[in-house]
Amino acid sequence: PTQTHCFAENTLCALTHRAHPVRCSLRPAYPRGSVSMLSRSHTSPPTSSREAGQLTRPAGSKARCALERLAQRLLPLTAAIWCYGSSILSTRALPDDEAYRCAARALTRGESPYVCERYIYPPLLAQLEAAAARGLSETGVQGAMRALNVGASVWLALFAVTFWTEDRWRRALAAAALLWWSPNFGDALYNGNLGPLVCALALWGLSRWRVQPLAAGLMLGLSLALKPLGPAAWLLLVGHRPESGGRAPQLKAAATAAITAGVLSWPGRALLPELAARVQGHPEALHNVSLQRVAHLLGLSFAPHWQFLVVCAIALLFVRRNPHSLASLMHIGCASVIVSQPIVWGHTMVIMYPTLAAAITRATRAAGSSPREHLLRVMCVCLGCLCVAQCGMFGDLAYAIAGPWGAVVAATPLGLTLVLAGYAAGDPRSLHGSAEQVRAPARTRAEARND
């Protein structure tokens with residue numbers, strides 16, 4: 001039965017109640033099969049004290065709600081530690097830990113961090129680790145980075161499955177299963193890569209700019225300075241046509257992100273040409289499935305900045321043509337991030353998991369002309385999501401095959417990424433949901449008040 005209950009996901013609230021986050025702490029539940037909360041348009045705030053009273057909750061149940069929220073986060077965290085504990089809890093340096101540590105030591109000696117062969121990140125990461133190593137030991141810095149990365153992985157998994165179900169315990173179980181099964185999270189946590197942390201910062205910024213534009217801009221700018229995964233998403237945020245409301249929040253968030261990224265990157269600006277040269281020299285890297293790798297297998301070559309500009313121009317035309325909801329903008333932005341990157345490894349694909357969950361949800365809830373067609377649609381979408389999640393396997397296979405056929409294999413995850421993002425963003429509920437569709441009926445409100 002529908003009842004009033006605590007809803008803990010602040011990010012989901014940002015996608016749902018755009019201008020009035022005060023309603024996000026307590027909200028009425030909606031029955032399964034109703035319009036997805038991530039597709040709803042903004043509903044008006046309570047107009048009277050009586051209506052506002054419907055969103056209250058007895059004080060005695062707040063402690064229980066807090067314990068439930070804690071348990072629902074500990075479940076995926078336990079799954080991550082259980083599955084990847086041999087790497088997370090190890091005192092030895094993992095492969096990417098060695099790269100970060102080598103770059104920090106090089107900066108301490110007054111050298112360029114790019115003397116380390118495996119370091120292909122902006123200078124800020126090495127500068128932060130070198131500064132932290134002055135107050136902590138290298139092992140302490142390594143442990144702090146791993147803790148942040150694991151926490152970001154748990155948040156990413158929980159955020160992704162919000163596109164699949166609104167039930168909190170189902171989300172916790174699905175997030176635990178995702179962390180346990182996903183080869184992309186495994187690739188990052190086994191190697192100590194900070195991809196989940198950077199993707200979580202970028203997605204948090206993209207999902208919160210309506211209600212917290214300054215905080216969202218800070219997080220998005222920090223992700224850009226740590227690892228430039230999100231410039232394409234930043235440009236889409238600037239050019240986005242919102243369904244309702246003005247453009248002030250998105251422009252404030254975009255300006256804050258640009259200023260934050262610029263300020264943080266300014267001390268290492270002299271090293272940025274070395275970073276560009278290092279990234280451009282890695283199209284043949286193993287597991288890479290980027291457009292640079294596809295062009296390399298075809299015997300072609302083009303500068304990464306041209307790839308970025310072309311992809312962003314196409315995406316901007318797409319988002320400027322019609323107004324899109326916040327969820328749709330996020331799906332388009334995540335796909336643009338993947339296609340515009342010069343290097344795409346398995347851990348980079350974790351930013352696509354919310355889009356994959358939304359595509360599967362649309363396929364399972366869409367009514368087909370026959371059960372057979374419905375099953376075929378669901379199978380095709382699930383197979384496409386599986387291929388995107390297993391992009392590292394396609395990179396290895398392309399490396400083994402080489403030539404034009406290898407390019408086709410390497411381009412398969414990228415093509416499926418675009419198709420699934422378009423399918424998730426094109427959900428009519430996400431594009432044209434109205435307040436009338438999502439407003440709870442009188443009986444539901446009465447039940448919520450009685451509960």
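Biologist: I'm new to this one, so let's start small. Are tyrosine 100 and tyrosine 121 buried or exposed?

Modeller: Both tyrosine 100 and tyrosine 121 are buried. Keep in mind that we're looking at a predicted model.

Biologist: Okay, on to the rings. How many aromatic pairs does the structure hold?

Modeller: There are seven aromatic pairs in the structure. Take tyrosine 84 and tyrosine 190: their ring centres are 5.2 Å apart, with 85° between the planes. Planes over 60 degrees apart count as edge-to-face, and that's how this pair of tyrosine 84 and tyrosine 190 is classed.

Biologist: Where in the chain do tyrosine 84 and tyrosine 190 sit?

Modeller: Tyrosine 84 belongs to helix 3 (residues 60–88) and tyrosine 190 to helix 8 (residues 183–191). They're 106 residues apart, so the pair links distant parts of the chain.

Biologist: And how should I read burial for tyrosine 84?

Modeller: Look at the relative accessible area: under 20% counts as buried. Tyrosine 84 has 2%, so it's buried. Tyrosine 190, at 37%, is partly exposed.

Biologist: Back to our opening residues, then. What kind of pair do tyrosine 100 and tyrosine 121 form?

Modeller: Tyrosine 100 and tyrosine 121 are edge-to-face as well, at 5.3 Å centre to centre and 65° between the planes. Tyrosine 100 sits in helix 4 (residues 95–108), while tyrosine 121 is in the loop between helix 4 and helix 5 (123–135), 21 residues away. Ring pairs also join Tyr100 and Tyr121 with Tyr114 and Tyr119 in a cluster.

Biologist: Rings can have charges over them too, I gather. Which ring does the charged end of arginine 269 sit over?

Modeller: That's the ring of tryptophan 266, with the charged end 4.0 Å from its centre. Another case is arginine 362, which lies over the face of tyrosine 423 at 4.4 Å from the ring centre.

Biologist: Now the inside. Which residues touch the most other members of the largest nonpolar core?

Modeller: The general idea is that nonpolar side chains in soluble globular proteins tend to be buried together. Here the largest nonpolar core has 82 residues, and Tyr119, Phe185 and Ile351 touch the most other members. Helix 6 (residues 138–161) gives the largest share of this core, 11 residues. Sequence neighbours within four places aside, the contacts of phenylalanine 185 include Tyr84, Leu156, Leu179, Val350 and Tyr353. Another core, of 15 residues, lies apart from the largest one; among its members are Ala257, Ala315, Leu329 and Ala425.

Biologist: Ala315 is in helix 15, right? Which residues of helix 15 are buried?

Modeller: Yes, Ala315 is one of them, along with Pro304, Gln307, Val311, Cys312 and Val319. Down the helix axis, the buried residues fall within an arc of 115°, so they line one face of helix 15. On the other side, Trp306, Ile314, Leu317 and Arg321 are exposed. The cover over the buried residues of helix 15 includes helix 11 (231–239), helix 13 (272–280), helix 14 (291–297) and helix 16 (326–340).

Biologist: How do I check the span of helix 15?

Modeller: Compare its reach with the span expected at 1.5 Å a residue. Helix 15 has 18 residues and reaches 26 Å from first C-alpha to last, close to the expected 26 Å. Helix 17 (residues 353–365), with 13 residues, reaches 18 Å, close to the 18 Å expected.

Key
Residues numbered from 1 in each chain as written. Predicted model: local features only at pLDDT ≥ 70, side-chain atom pairs only at ≥ 80, totals over all residues. Heavy atoms only, no water. Helix = DSSP H or I, 4+ residues; strand = E, 2+ residues; numbered from the N terminus. Expected span 1.5 Å × (residues − 1). Buried < 20%, exposed > 50% of the residue type's maximum accessible area, 1.4 Å probe, protein only. Arc of directions from axis to C-beta. Contact = heavy atoms within 4.5 Å. Phe/Tyr/Trp six-rings, centres within 6.5 Å; stacked < 30°, edge-to-face > 60°. Lys NZ or Arg CZ within 6 Å of the ring centre and 35° of its normal. Core = buried A, V, L, I, M, F, W, Y, C linked by side-chain atoms within 4.5 Å.
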